[in-house]
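Good morning, colleagues. I should like to take you through one structure today, beginning with a single side chain and working outwards. Please have the display open as I speak.

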Amino acid sequence: MHDLEHWGIILSNQVDKKTFIETILTENTITELQSYKNKKGVLFSDIAIEAYINKEYYEDDVTNSPIQKGRKLRTFSSGERKKVYLEYCINQFPDFMILDNPLDHLDISSRAAIALQLEEISKKIPLIIIVNRQVDLFSFVTTKAVIKDNSFSFHPFEIDTTYLNSQTNPVIPLPIEGVHLDLDVLIEMKNLNVSYLEKGILKNINWTIEKGDFWHLHGPNGSGKSTLLSLITGENTKGYDQDLHLFGFKKGSGESIWDIKKNIGYFSTAMTDLFQKNDSLENMILSGFFDSIGLYVKPTDLQKKAVTQWLEVVAMTHHKNTLFRNLSVGQQRIALIIRAVLKHPPLLILDEALEGLDDSNVALVSSLIMLLSTQTAITILYVSHRKEATIHPKKFIELVPSPAGSTATIN
């Protein structure tokens with residue numbers, strides 16, 4: 001039983017989180033949090049950690065580091081980095097702590113370790129835990145609320161999950177410029193090994209991705225997931241001189257990078273930053289027909305019709321002329337995934353497609369992913385630390401670290 005009050009606040013992706021946090025830490029005009037006014041608060045977040053690492057970069061002497069004597073924060077793994085920074089926050093002797101999505105970007109074991117650490121901290125310090133998803137709240141949270149917009153008004157703890165409109169029976173549009181690939185096996189790797197500077201990254205990976213598969217790739221931070229993806233996309237030179245076949249080509253047999261990439265639709269959260277110009281939603285999606293960042297070629301009427309059909313599927317037709325940068329985070333994700341699958345590529349890679357989304361946007365993006373898996377022949381490779389209740393892959397590959405490099409467990 002905890003005597004301290006701990007807030008669990010679920011923030012919609014529509015909320016200006018930075019301003020909300022600054023308001024609590026400075027003038028604190030939020031009625032429900034008046035008990036924290038004029039008290040010392042510290043912020044624990046990925047942004048705060050990154051700011052500290054940047055500060056460290058300009059300090060050559062680490063012997064007096066307040067983090068850990070003789071070692072800089074950037075040298076720790078993602079999980080250990082959060083654990084160490086939490087201890088640093090505690091050593092500031094705050095009256096309360098704000099924790100911004102403390103479990104984001106962590107693998108299962110690291111999430112469990114941080115959760116235990118927060119359980120102990122909650123016995124000593126009042127916590128305000130800000131998350132995007134209900135599942136990320138902790139059992140010791142005593143008071144809960146939902147904030148939906150920049151009025152910062154507190155609403156009762158009820159989650160509104162918005163799915164694609166099932167009443168209209170949405171149908172994925174057929175491709176007008178499909179990528180034809182008459183192969184049953186898209187990717188095949190046998191006894192694949194990767195190391196850097198004698199440090200093993202991947203060891204004896206045997207994996208076959210076939211047409212129509214729906215895979216979930218997961219594994220701890222640093223287990224080699226990004227390396228494995230870069231081998232599949234043909235960007236990693238470590239694929240040469242190995243038994244690696246990509247879309248019918250043996251790696252290093254004279255294929256071009258375009259021979260590989262034309263078969264892949266790709267989404268990662270980092271792509272969002274590429275489309276922050278004055279492109280409308282419609283033009284941003286249309287650019288997918290030309291594989292360009294921005295629309296520089298006049299689209300055909302057939303291409304525009306196809307985009308209209310896609311927007312109808314996801315109930316975003318009314319946003320056709322909205323600037324991409326003015327869309328919600330979830331709407332931006334939907335748009336980028338549509339752009340990636342316009343041509344129905346043989347393989348779709350979704351790298352942390354749900355990371356950072358609130359519950360309603362998770363439901364929206366999950367619905368689209370499941371539609372793609374059931375209504376198209378596109379092979380899906382879904383990459384995430386989480387196993388989502390709304391995502392149903394058919395096959396799983398887990399990277400398991402070892403001193404010689406990560407091995408793969410497949411089921």
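Let us begin with tyrosine 85, which is buried, with a relative accessible area of 7%. Please bear in mind throughout that this is a predicted model. What does tyrosine 85 pair with? Its ring forms a tilted aromatic pair with phenylalanine 44, at 6.1 Å centre to centre and with 40° between the planes. Phenylalanine 44 is buried as well, with a relative accessible area of 1%. The two residues are 41 apart in sequence, and the pair links distant parts of the chain: phenylalanine 44 lies in strand β2, residues 41-44, and tyrosine 85 in helix α3, residues 78-90. Ring pairs extend this into a cluster made up of Phe44, Tyr52, Tyr85 and Tyr88. The count for the model as a whole comes to ten aromatic pairs.

From β2 we may step across to its neighbour. Strands β2 and β3 pair in the parallel sense over four bridges, and in this pairing leucine 43 has isoleucine 98 of β3 as its bridge partner. On the other hand, β3 also pairs with strand β4, residues 127-131, again in the parallel sense and over four bridges. There, the bridge partner of methionine 97 is leucine 127 in β4.

How many of the residues of strand β3 are buried? Five of the five residues, 96-100, are buried, so β3 is largely enclosed by the rest of the structure. In a regular strand the side chains alternate between the two faces of the sheet. In β3, Phe96, Ile98 and Asp100 point one way, while Met97 and Leu99 point the other way, and all are buried. I draw your attention to Asp100, which is included among these buried residues.

I turn now to the six-stranded sheet. It is open, with the order β11-β12-β13-β8-β14-β15, and its pairing is mixed. Strands β11 (264-268) and β15 (407-410) stand at the edges with a single partner strand each, so one side of each is left without a neighbour in the sheet. From one strand to the next, the twist averages 15°.

Starting from the β11 edge, β11 and β12 pair in the parallel sense over five bridges, with serine 268 facing its bridge partner aspartate 351 in β12. Five bridges then join β12 to β13, which also run parallel; here isoleucine 349 has leucine 381 of β13 as its bridge partner. Next, β8 and β13 run parallel and are joined by four bridges, among whose partners are leucine 217 and, in β13, valine 383.

Is β13 enclosed or open to its surroundings? Five of its five residues are buried, so β13 is largely enclosed by the rest of the structure. Thr379, Leu381 and Val383 point one way from this strand, Ile380 and Tyr382 the other way, and all are buried.

What surrounds this region? The largest nonpolar core has 43 residues, and those with the most contacts inside it are Ile285, Leu350, Leu368 and Leu372. Elements that give two or more residues to this core include α7, α8, α9, β12, α10 and β13. Helix α10 gives the most, with eight residues. To take one example, leucine 372 is in contact with Ile172, Trp310, Ile337, Val341, Leu348 and Ile380, leaving aside its neighbours within four places in sequence. A second, separate core of 30 residues includes Phe44, Ile114, Phe140 and Val141, and with Phe44 we return to the aromatic pair with which we began.

There is one further sheet to describe. Four strands form an open sheet in the order β7-β6-β9-β10, with antiparallel pairing. Here β7 (199-210) and β10 (249-250) stand at the edges, each with a single partner strand, so one side of each is left without a neighbour in the sheet. Helix α5, residues 225-232, packs on this sheet and touches β6, β7 and β9; its direction makes about 50° with that of β7. Strands β9 and β10 pair in the antiparallel sense over two bridges, and leucine 246 stands opposite phenylalanine 249 in β10.

Finally, two charges sit over rings. The charged end of lysine 251 sits over the ring of tyrosine 240, 4.7 Å from its centre. The charged end of lysine 387 is placed over the ring of phenylalanine 396, 5.5 Å from its centre.

Thank you for your attention.

Definitions and conventions:
Residues are numbered from 1 along each chain as its sequence is written. This is a predicted model: local features need pLDDT of at least 70, side-chain atom pairs count only at pLDDT 80 or more; totals for chains, interfaces and linings use all residues. Side-chain values use heavy atoms; hydrogens and water are left out. A nonpolar core is a set of buried Ala, Val, Leu, Ile, Met, Phe, Trp, Tyr and Cys residues joined through side-chain atoms within 4.5 Å. Buried means under 20% relative accessible area, exposed over 50%, partly exposed in between (1.4 Å probe, protein chains only). Contact means heavy atoms within 4.5 Å. Rings of Phe, Tyr and Trp (its six-membered ring) pair if their centres lie within 6.5 Å; planes under 30 degrees apart count as stacked, over 60 as edge-to-face and the rest as tilted. A charge sits over a ring if NZ of Lys or CZ of Arg is within 6 Å of the ring centre and within 35 degrees of the ring normal. Two strands pair if DSSP finds at least two bridges between them. Axes are lines fitted to C-alpha atoms, for helices over the stretch in contact, and angles run from 0 to 180 degrees between N-to-C directions.
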